[in-house]
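Student: I have the sequence and the model open. Please take me through one part of the fold closely, and show me how its pieces fit together.

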Amino acid sequence: MNKLLLAGLSAAFLAVSASGLAAQTKLSRNEIINSLQGAQQKVDLTADELQQAALENIQKYPGANAPNTLPLADKLASLRQFNVEITFDFDSARIRPESYETVGLIADALHTPYLQGQTFFIVGHTDAKGAREYNLELSLKRAQAVREALVTTFRVPGEYLFAVGLGEEQLRDPSNPDAAVNRRVQLINLGYR
């Protein structure tokens, strides 16, 4: 009887621990704000220039042995940024319903006084499955879908949001190019313009 009680208590403890762990890793508006706010150097870079750099990288390095860094990567690395997973239907730019909470948290963060009036790139990334040119186009469509949701559904001013697709040109885990961690949306703060 004591073994049964002990086993039950152990199972309950593990369930509480697991739910506590899940709660600790849940995305919050404050995480987004803290990652994106703060003083930084001004970078002169447009969404079109960044998109063009990704296309030129594909043209310059065709095939699978392309470098995992864009020529403009140093400029981007100096900016405040945040990566988030937003899921889409397979081979589509349709945001899955379970990701709207994440898009809403991004909108809440962008509506705060800490970030209002600042300009952001919404950058779409893919894994390395499929053709690089196709992935570049798909990532742009997905970034545009997130921008559209932020502007229309959550009323974030569109003049501060610019969609960019980088496809598989900046993998988060280059040693595992097909990994899900590479499929992400990145917010990059360009500051006040």
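Tutor: Start with a strand pair, and keep in mind that this is a predicted model. Strand β1 spans residues 81-84, and strand β4 spans residues 184-191. The two pair in the antiparallel sense, over 4 bridges. One partnership to find by eye: phenylalanine 82 is bridged to leucine 187 of β4.

Now look at the two faces of β1. Phe82 and Val84 lie on the covered face. Gln81 and Asn83 lie on the uncovered one.

Next, move to helix α2, residues 29-36. Ile32, Ile33 and Leu36 are buried there. These three sit on the same side of α2, because they cover an arc of only 95 degrees around the axis. What covers them? Both strands of our pair, β1 and β4, are among the elements that do so. The cover also includes α5 (100-111) and β2 (119-125). After α2 comes glycine 38, with a positive phi near 120 degrees.

For a helix-on-helix contact, turn to α3 (residues 47-60) and α6 (residues 132-153). Their axes come within 10 Å and cross at roughly 165 degrees. An angle over 145 counts as roughly antiparallel, so α3 and α6 are roughly antiparallel to each other. Their crossing is right-handed. On the α3 side, the contact residues are Gln51, Ala54, Leu55, Asn57 and Ile58. They meet Arg132, Glu133, Leu136 and Leu140 of α6.

Conventions. Residues are numbered from 1 along each chain as its sequence is written. This is a predicted model: local features need pLDDT of at least 70, side-chain atom pairs count only at pLDDT 80 or more; totals for chains, interfaces and linings use all residues. Side-chain values use heavy atoms; hydrogens and water are left out. Buried means under 20% relative accessible area, exposed over 50%, partly exposed in between (1.4 Å probe, protein chains only). Two strands pair if DSSP finds at least two bridges between them. The arc is that of the directions from the helix axis to the C-beta atoms. Contact means heavy atoms within 4.5 Å. Axes are lines fitted to C-alpha atoms, for helices over the stretch in contact, and angles run from 0 to 180 degrees between N-to-C directions. Angles under 35 degrees count as roughly parallel, over 145 as roughly antiparallel, 65 to 115 as roughly perpendicular and the rest as oblique. A crossing is left-handed if the near helix is turned anticlockwise from the far one by less than a right angle, and right-handed if clockwise.
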